[in-house]
Amino acid sequence: MTHAFQLGARRISSQDPTYIIAEIGVNHNGNPTLAHEMIDAAAKAGADAVKFQTFRTDELILAGTSKASYQQETTGVGSQDEMLRALELSLDVYADLKQHCVEAGVDFMSTAFDHLSLNDVRDLDPVCLKWPSGELNNTPLLRQAATMGLPILLSTGMGSITEISAAIDTLTEGGCDDIVILQCVSNYPARIEDQNLRAMQNMAAVFGRPVGFSDHTIGPFAAIAARALGMSVLEKHFTLDRSMEGPDHASSIEPSDFEQMVHVLRQIEAGLGDGVKRPLQQEENIRKVARKSLVYAHDLPAGHVLTGDDLISKRPGGFIPPNQVDSLIGLTLKQDVRKDQITARSDV
């Protein structure tokens with residue numbers, strides 16, 4: 001049985017509606033006004049939560065660290081620390097963003113990348129901690145997070161099952177038991193054929209916890225497939241315009257497409273049901289038309305002992321069904337019957 005828990009007002013499990021996070025991340029480009037606009041756009045598009053990224057550049061990265069290839073393609077030359085410094089927001093700005101989320105009716109969360117920022121995020125009273133894939137093996141930071149009394153959404157990009165297990169052990173030993181494991185491929189954008197979505201089912205079975213998907217692919221298709229495989233939480237990079245300058249815009253989804261994705265996911269959830277196979281009331285009319293009843297294959301006289309050759313099945317249903325044919329074979333007719341006459345228990 002997979003562990004389920006409350007995340008704010010929502011219950012998190014594969015049996016409940018997907019908790020959908022619009023990851024604004026650093027797509028605000030360091031502009032608080034743009035960040036506020038994105039909260040409103042995400043709420044309008046149907047997001048349950050928005051997620052930012054909180055860091056202190058000097059605590060996160062050494063000066064002169066090279067950019068990843070995708071960052072060079074999207075932001076040009078320069079070092080990673082220079083790029084991140086331009087995207088850093090103050091704690092006061094995050095406090096304003098948190099209040100805006102409350103007013104917009106979406107949950108606030110932010111990924112912290114260093115020990116000071118993790119305390120900053122905690123002080124903002126987020127609904128949970130969203131853990132970045134790059135910190136999956138950061139034992140000291142995991143131990144710090146485990147003591148904060150918040151659920152943790154654990155991204156697993158670049159991680160092995162051994163590293164995931166060790167991270168979960170670190171969190172649970174520190175007192176955090178409410179964990180969602182997010183399948184993730186750390187590429188920007190990531191190819192849909194690399195997603196290995198069935199890993200969610202494997203991790204749910206191995207760890208007995210809700211699983212989800214941190215989706216870096218283009219478009220909604222991987223997320224839709226993930227829902228059918230047990231996804232309970234979806235995180236998807238969100239932007240107002242994929243053509244904007246910045247490291248993550250090109251691998252993000254725009255509001256109209258995000259809204260359509262949410263709509264399709266909610267339809268899929270309505271169709272998944274509870275897994276118990278049974279006929280529906282809505283099928284009853286079709287059942288009478290599509291099913292068959294036993295009828296006589298020829299004219300037969302009273303006193304005849306019925307054999308299998310004497311009985312065939314034809315529409316409509318609603319009388320003696322074909323799966324009860326053995327209950328008539330060997331019985332004696334009490335009266336004459338005609339070909340295509342519907343059988344009845346009173347005939348024998």
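Lys51 lies in strand E4, which covers residues 49-54. In this predicted model, Lys51 has a relative accessibility of 3% and therefore counts as buried, the cut-off being under 20%. Its side chain makes a polar contact of 2.9 Å with the side chain of Thr111. When residues up to four places away in sequence are set aside, the contacts of Lys51 include the run Ile21, Ala22, Glu23, Ile24 and Gly25. Met109, Ser110 and Thr111 also touch Lys51, as do Lys130 and Glu235.

Phe52 shares part of this setting. Beyond four places in sequence, Phe52 touches Ile24, Gly25, Met109, Ser110 and Thr111, among others, and Lys51 is likewise in contact with these five names: Ile24, Gly25, Met109, Ser110 and Thr111. The further contacts of Phe52 include His28, Ala35, Ile39, Tyr94, Leu97 and Phe108.

**Nonpolar cores**

The largest nonpolar core has 60 residues, and the members touching the most other members are Val50, Phe52, Leu97, Leu154 and Phe258. Helix H1, residues 32-44, supplies the largest share of this core, namely six residues. Apart from this core lies another, of 13 residues, with Leu7, Ile12, Val180 and Leu182 among them. In soluble globular proteins, nonpolar side chains tend to be buried together.

**Cysteines**

How many disulfides does a search of the whole structure find? The search finds zero. Cys101 is in no disulfide, and the nearest cysteine sulfur to its own belongs to Cys128, 12 Å away. For Cys128, also in no disulfide, the nearest cysteine sulfur is that of Cys176, at 10 Å. Cys101 counts as buried because its relative accessibility is 1%, and Cys128 counts as buried because its value is 0%.

The table lists the relative accessibility of four residues discussed in this report.

| Residue | Relative accessibility | Class |
|---|---|---|
| Lys51 | 3% | buried |
| Cys101 | 1% | buried |
| Cys128 | 0% | buried |
| Lys334 | 56% | exposed |

**Lys334**

Is Lys334 buried or exposed? Lys334 counts as exposed, because its relative accessibility is 56% and the cut-off for that class is over 50%. This lysine is found in the segment after strand E12 (311-314). Outside its neighbours within four places in sequence, Lys334 is in contact with Ala302, Ser346, Asp347 and Val348. One of these residues, Ser346, offers its backbone oxygen to the side chain of Lys334 at 3.4 Å. The C-alpha atom of Lys334 is separated by 73 Å from that of Ala43, and the two residues are 291 apart along the chain.

**The chain as a whole**

The secondary structure of the protein chain comprises twelve helices and twelve strands. Its radius of gyration is 30 Å, whereas a compact globule of 348 residues would have one near 20 Å. The C-alpha trace spans about 100 × 45 × 35 Å along its principal axes.

Of the 348 residues, 46% count as buried. The chain exposes about 16,700 Å², of which carbon and sulfur atoms supply 50%. Among contacts between residues at least 6 apart in sequence, 65% join residues at least 24 apart.

Technical notes: Residues numbered from 1 in each chain as written. Predicted model: local features only at pLDDT ≥ 70, side-chain atom pairs only at ≥ 80, totals over all residues. Heavy atoms only, no water. Helix = DSSP H or I, 4+ residues; strand = E, 2+ residues; numbered from the N terminus. Buried < 20%, exposed > 50% of the residue type's maximum accessible area, 1.4 Å probe, protein only. Polar contact = N/O pair within 3.5 Å; in protein donor to acceptor, adjacent residues only side chain to side chain. Contact = heavy atoms within 4.5 Å. Core = buried A, V, L, I, M, F, W, Y, C linked by side-chain atoms within 4.5 Å. Rg over C-alpha atoms; globule rule 2.2 N^0.38 Å. Areas by Shrake-Rupley, 256 points an atom, 1.4 Å probe, with all protein chains shown as cover. Disulfide = S-S within 2.5 Å.
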